[in-house]
Structures are given as structure tokens and as C-alpha cells.
Amino acid sequence: MSIVKNVSRAVSQLLQSSGCGCGISIVPVRCIGVSPRQVASDASFHSVSFSESDHPRVLITGGLGQLGVGLAKLLRKRFGKNNVILSDIRKPADNVFYSGPFIYADILDYKNLREIVVNNRITWLFHYSALLSAVGEANVPLARAVNITGLHNVLDIAAEHNLRLFVPSTIGAFGPTSPRDPTPDLCIQRPRTIYGVSKVHAELMGEYYHYRYGLDFRCLRYPGIISADSQPGGGTTDYAVQIFHDAVKTGKFQCNLKPDTRLPMMYIDDCLKATLEVMEAPAEALSMRTYNISAMSFTPEELAQEVQKHVPELQVTYNVDEVRQAIADSWPMNFDDRNARRDWGWKHDYDLPELVTTMFSFLGSDSRIAQAN
């Protein structure tokens, strides 16, 4: 009886100290997960596994960016609409809000994020919240908070609750001293933007949590991502999106990079497919925690020539932006992604001709294409 009394007293004290005022009718006896913020130094964690009949419960942070909405659509099709929760700190468009579960989630609010994971029984977390390069350079303190402190919150919560965690990295994680053609998975990085520095930090912290706590951390270094349903935002690789909009609207395009600037690129469908595939890959198949992925590599001149096959009247000029050009010159020209292709069977679907045809089909330029053909 003394054991029962001790357990009852401990549970009573725990509930009284909690900030939650909700009534609890049943307190099941179970192991309580802990995060590295409160864990002994010799503890170890392991990701939950799923049977073939089970589906993960997914949370996507920063979900209103370029990739989150598309990823949610892909995952809902595979795992069921209600098993994938999109989140952000911004108000979603109506079509996004009504397409599936959406909640407000601030990654800098550790307690709220933890409650979301617990209340929704999250098992997979895709962490897309980040300030990108241009915005980050304009506000380094905010970028440091979102990209680094926010990451630490996510890492601790993922370890505490045995989540499978995906954090994307980028070609921006490399710097001017990195090998550029090709760029291997493991090499010197040394980026010169806060965004790139924070991504290297994320890669290393995720790997550390994996080896130190057993966290099932997975990461892909994305090349430049091209999609028709997002507007160019002034980034270094955004010329490869802008050219399609200008070809359809005005028939004139001015590129802010030199015509021979080669960068690795990928169509968004390949990017999302790779993200799902690496998350579904058996843990024992992964020889590393961060992989390069690649699909194609081209220059502005090569892209313009392919676009002109569909829109022959397109006029292309060059007005080089020295800041963007300096960034591009420090980035990889080609990604070596042999490890991803070997370990978990990565294979892209879109090369440059398929990319251009697909982009025009989405941008409603059927009449131009018909005329060109």
C-alpha cells in the first residue's frame, strides 16, 4: 500500500505543478520521455518505428514557404488528410486552410510547440521554419534566433518525444573554399551568410543528437528549387523562376547573373519526392545523416536556350548583380549525390527539357507553346 500511496502522491504533485488547468480522468502508467534539457548524460533515445498498417502523424513547421504546402499535399495523399498538420505564424490562404489541418506554431515558443507535439501525437516533424539568405543578412539577430534557437527547440522536443526529424539544408551551406565541381557530401564548408552558417550548424547538431541521444535525424542539401506556384523572391537562384514569368508576360528577360554561371537546380516535384523517400528509408540503409541531392546543373544561357525552344521571340539580356554573382560564385556548380543514389535509391525524374515544358504548362502558356511548335 505504501508504494501505491507514494505513486499517488507523486502524480498529485506533478498535476499541481503543471501549468495546465485541464481535468484528467485517467493517468495511465507509462514511461515519460525527457529531452536533453533534463536528461542524464548517459541516456539514449530511439525513433519510433511503424508497421506497414500504421501511418506517421506529421507536423510541418514553417509550412507556408515554398515547399511546405506542396509537401503537405504529397504527405496527405500518402498518409491521409488528417495525419498531416501544416503550421506557421502567418495566416494561410483559404485554399490552404481548408485543404487540411492547419495550426499556429511559433518555433521560438518551446512550451507551445511541445504541447502541439503531445496533443496531436506527432511522430514525424519536418522543420522548414527559417529566415533565408537575403532576409537573414538584413536582420542577423532575428535570423540567429529563428534559424538556431528555433532549431534547438525542435531538436530537444524531437529527442524527448522520439520523433523522426527532417531539417533541410542547402547549397548555401558551402562557401568559397568548398570544392565546387563536383561538391561531395563531406568537405570543407565555411559559408559566408548567416543562413548558410545556421544550416551547417543544423547539420552538425542533428548529427550530434543522433550519435549522442539516438535521435532519428535526417537532412538533405537542396539545390536551387524551381516551382511554378511560387513567385521569385530575389534570391540568387530565382532567375530560373523569373525567366518563365517574364517569357509569358512580356517576352523579355533580364538576368542578374553572368550567362556562364553554373548552379545545381531541381524541379519541386523531385525535391518533395526525395524528402519523402529519405524519411521512409530504413534507418540501417543510411550511412550518413546529411545527403546532397541533385537533378540537373545549368547556366542562365543554357536555360534561356531551352526556354526559347518554346518561346522563340524571348529576348534575353544580362545585367549582373555583383552581390548575387559573388554568392553564386561561392556555391557548388555540381552536387555529387552518389551516396543518396546508392544508400536509399534516389533518382530524379526531371531534366532541363522536362523542367521547361512542365513550367510552361503550369504558367498557362499553351498558346505560345502551340505557336512555337
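**Pairing, cavity lining and loop residues**

Biologist: Which residue in β10 is the bridge partner of G224?
Modeller: This is a predicted model, in which local features need pLDDT of at least 70 and side-chain atom pairs count only at pLDDT 80 or more, while totals for chains, interfaces and linings use all residues. Residues are numbered from 1 along each chain as its sequence is written, and side-chain values use heavy atoms, with hydrogens and water left out. β8 and β10 run parallel and are joined by three bridges, where strands are DSSP runs of E with at least two residues, helices are runs of H or I with at least four, both numbered from the N terminus, and two strands pair if DSSP finds at least two bridges. Within β10, the partner of G224 is M265.

Biologist: Which strands form the edges of the open sheet that contains β10?
Modeller: The sheet has three strands in the order β8-β10-β12, and its pairing is mixed. Pairing on one side only marks the edge strands, which are β8 (224–226) and β12 (296–298).

Biologist: Which helix gives the most residues to the lining of the largest cavity?
Modeller: A cavity is a set of points on a 1 Å grid, over the protein atoms alone, where a 1.4 Å probe fits but cannot get out, and lining residues have an atom within 4 Å of a point. The lining of the largest cavity includes H127, N147, L151, S198, K199 and A202. At least two of the lining residues come from α6 (140–160), and at least two from α7 (194–213). With three residues, the one that gives the most is α7.

Biologist: Is T183 buried or exposed?
Modeller: T183 sits in the loop between β6 (169–170) and α7, and among the residues it touches (heavy atoms within 4.5 Å), not counting those up to four places away in sequence, are F174, N292 and F335. Buried means under 20% relative accessible area, exposed over 50%, and partly exposed in between, with a 1.4 Å probe and protein chains only. T183 has 0% relative accessibility, and therefore counts as buried.

Biologist: Which residue does a cis peptide bond join to D181?
Modeller: Omega of this bond is about 0°. The partner of D181 is found in the loop between β6 and α7, and that partner is P182.

Biologist: What is the relative accessible area of R190?
Modeller: R190 also belongs to the loop between β6 and α7, and its phi is near 55°, a positive value in a residue other than glycine. R190 counts as exposed because its relative accessible area is 59%.

How values were computed: On a 1 Å grid over the protein atoms alone, a cavity is a set of points where a 1.4 Å probe fits but cannot get out, and a pocket is an open set with protein on both sides within 12 Å along at least five of seven lines; lining residues have an atom within 4 Å of a point.
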